[in-house]
Protein chains: 2
Amino acid sequence: MSGRTGFRAAVEPLKISAVDRLVDEIRAFVAEQGLQVGDALPTERELGERFQASRNTVREALVILRAYGLVETRPKAGAVIAGDHAEAVRRVFAFHNGVSPDSFRDLQGFRRIVETGVGEHIILHATGADFDRLDAVNDELLAADGVEELALADYRFHEALVALGGNRTALATYRLMRPVIVDLMHVGKAARPARAETHETHGRIAAALRARDRIAFAYLLSRHLDYGLQFVTGSGPGAPRGDPGDG
Amino acid sequence: MSGRTGFRAAVEPLKISAVDRLVDEIRAFVAEQGLQVGDALPTERELGERFQASRNTVREALVILRAYGLVETRPKAGAVIAGDHAEAVRRVFAFHNGVSPDSFRDLQGFRRIVETGVGEHIILHATGADFDRLDAVNDELLAADGVEELALADYRFHEALVALGGNRTALATYRLMRPVIVDLMHVGKAARPARAETHETHGRIAAALRARDRIAFAYLLSRHLDYGLQFVTGSGPGAPRGDPGDG
DNA sequence: CGTCGTATTTGTTGGACCAGATAACCGTAG
DNA sequence: CTACGGTTATCTGGTCCAACAAATACGACG
């Protein structure tokens, strides 16, 4: 592992900073020592001595490692290997919470792709217990109070749907987008709570899956996802920061 | 914007470190000053003076900001606001490059979901010029030399396919997984180059799209994605580091 | 077994120096 | 006088050092 270590653009000449070097070395150290989740790293001074770097440099490297979710640090306890890497990715993703209005349609389109895609798997493989659980998650929506909780409950149903799909990558991706999805739902819910309505639509979607009716499922899901469009279309011009498709 | 700032788990008591405080303050500063991509931040010393923090603390905060892709720093040039947030997410994603063998099927399943999903859009909306470009990308595969280039060219065809889908989120997600996808392709190519074979299969997939034949497209794509399975199945026991589904 | 000190470790600060780049300055040629 | 090339001053990030504060793990001790 750790074949590609160069994070800097390939064009940049060999100008590896001491911090970046330390990041790689500490990573290699963790790997070759076979450190598992929960194991502790050497102290900062010790790392500095081992890799011939100042404690400040070690600290900056540890800051990066922490930002990347490899380690967690607590005073005195030191740095320990952390699990839950997805959380780090999600944090970075959530960090840029710019939900431009025009991206709503885009995101919903992606959700349609993923959810209809996993729907195929659900129709083929899900059991009755799975559907019961899906209904149970949906029912939690009725107990949700306030816009925030409502949006979260709404999201949870869809996440449960994706989870039933049995594809970890799809689920991870969906979770990755949670902040953005919830944010968008937040807008919709604020405009029109519609708790009972959402609950019923979810129920019909689940019922279509239970009936193995993929046509109805796709239709209901699409309509459900498009529903919120009325609250955002025409709300404003394009996004101010359209990312210029990177190279 | 910047409503939710708490990245730390909600359970953790209010124990904000000076560095984290600085991260938030600098972010707020960028927002309220309306700094755009390319604009420069104040110098480290100036930031330290403005926010009452040591330069070392400022540096640690800037390291985090850099890890999160908000800024880029170059010696002397200082820190400038960076675009291309997706790059930061991708970096973090690539950082944990644990490509466990058993995840191959999972990833391919996700790719199938995304690529068949965008295929629907392509069939409905793509023009002849779009298909020509897709073929052109595919032809680049013939010029690829070596396993590395081959894997990359293979990836590029699929990325071009997703790009034709017209969904930025799907494309961004696909790019996010590029390192993992290319890594897996790398394994496959090393076992069996099959350049001409891959090129022909891609060509048939593109032809199916051009003919608006969604059945053929789905079939060819599925078979293409499943193709590499023979090289990894039974190659070894489960992944050494299966992430324990985060909460 | 519980309590308390103490030593160790991280968190934070201030300062120092270096390498590199930019800007200001100056002398000279036209 | 102006334009240009070279030199110097200065500024900035990168790295390091020393020190103190705060938190806590660990062992001594009652």
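Helices and strands here are DSSP runs, numbered from the N terminus. Keep that in mind for A:Arg212, which sits just after α10(A) and takes a positive phi of about 60°. The whole thing is a predicted model, with protein chains A and B set against DNA strands C and D. Here's a quick tour: chain A, one helix up close, a glycine in chain B, then the two DNA strands.

**Chain A overall**
- Chain A is built from 12 helices and two strands.
- Reading along the sequence, you meet three helices, then the two strands, and then helices the rest of the way: α-α-α-β-β-α-α-α-α-α-α-α-α-α.
- Chain A has 247 residues, and 46% of them count as buried.
- Take the contacts in chain A between residues at least 6 apart in sequence: 69% of them join residues at least 24 apart.
- About 12,600 Å² of chain A is exposed, with carbon and sulfur atoms supplying 54% of that area.

**Helix α10 of chain A**
- This helix covers residues 195-210, which makes 16 residues.
- At 1.5 Å a residue it should span 22 Å, and its end C-alpha atoms are indeed 22 Å apart, so the expected and modelled lengths agree.
- Its buried residues are A:Thr198, A:His199, A:His202, A:Ile205, A:Ala206, A:Ala208 and A:Leu209.
- When you look at that list, remember that an α-helix has 3.6 residues a turn, so residues three or four places apart point the same way.

**A glycine in chain B**
- B:Gly48 is part of helix α2 of chain B, residues 44-50.
- Its relative accessibility is 6%, so B:Gly48 counts as buried; the cut-off for that is under 20%.
- Leaving out residues up to four places away in sequence, B:Gly48 touches B:Ala53 and B:Val58.
- B:Leu22 is 26 residues from B:Gly48 in sequence, and their C-alpha atoms are 9.2 Å apart in space.

**DNA strand D**
- Strand D is surrounded by 21 residues, and the closest are A:Ala18, A:Asn56, A:Thr57, B:Arg55 and B:Arg59.
- By class, the surface near strand D has nine charged, eight polar and four nonpolar residues.
- Chain A contributes through α1 (18-32) and α3 (55-67), and chain B through α2, α3 (55-67) and β1 (71-74), each supplying at least two residues.
- Of the strand D atoms within 4 Å of the protein, 64% belong to sugar or phosphate and the rest to bases.
- On the phosphate side, a backbone N or O atom of A:Ala18 lies 2.4 Å from a phosphate oxygen of strand D.
- On the base side, a side-chain N or O atom of B:Arg55 is 2.6 Å from a base oxygen, while a polar side-chain atom of B:Arg45 lies 3.2 Å from a base nitrogen.

**DNA strand C**
- Around strand C there are 20 residues, and the closest are A:Arg45, A:Arg59, B:Ala18, B:Asn56 and B:Thr57.
- That surface has nine charged, eight polar and three nonpolar residues.
- Here α2 (44-50), α3 and β1 (71-74) come from chain A, with α1 (18-32) and α3 from chain B, and each supplies at least two residues.
- Sugar or phosphate accounts for 58% of the strand C atoms within 4 Å of the protein, and bases for the rest.
- Phosphate oxygens of strand C lie 2.3 Å from a polar side-chain atom of B:Thr57, 2.8 Å from a side-chain N or O atom of A:Arg59, and 3.5 Å from one of A:Thr73.

Terms used:
Residues are numbered from 1 along each chain as its sequence is written. Chains are lettered from A and ligands numbered from 1 in the order in which they are written. This is a predicted model: local features need pLDDT of at least 70, side-chain atom pairs count only at pLDDT 80 or more; totals for chains, interfaces and linings use all residues. Side-chain values use heavy atoms; hydrogens and water are left out. Helices (H or I, at least four residues) and strands (E, at least two) are DSSP runs, numbered from the N terminus. Buried means under 20% relative accessible area, exposed over 50%, partly exposed in between (1.4 Å probe, protein chains only). Contact means heavy atoms within 4.5 Å. Accessible areas come from the Shrake-Rupley method with a 1.4 Å probe; for residues, only the protein chains shown count as cover. The expected span of a helix is 1.5 Å times one less than its number of residues. A residue is near a molecule or strand if one of its heavy atoms lies within 4 Å of it. A polar contact is a pair of N or O atoms within 3.5 Å; within protein, one must be able to donate a hydrogen and the other to accept it, and residues adjacent in sequence count only if both atoms are side-chain atoms. Ala, Val, Leu, Ile, Met, Phe, Trp, Tyr, Cys and Pro count as nonpolar, Asp, Glu, Lys and Arg as charged, and the others, Gly among them, as polar.
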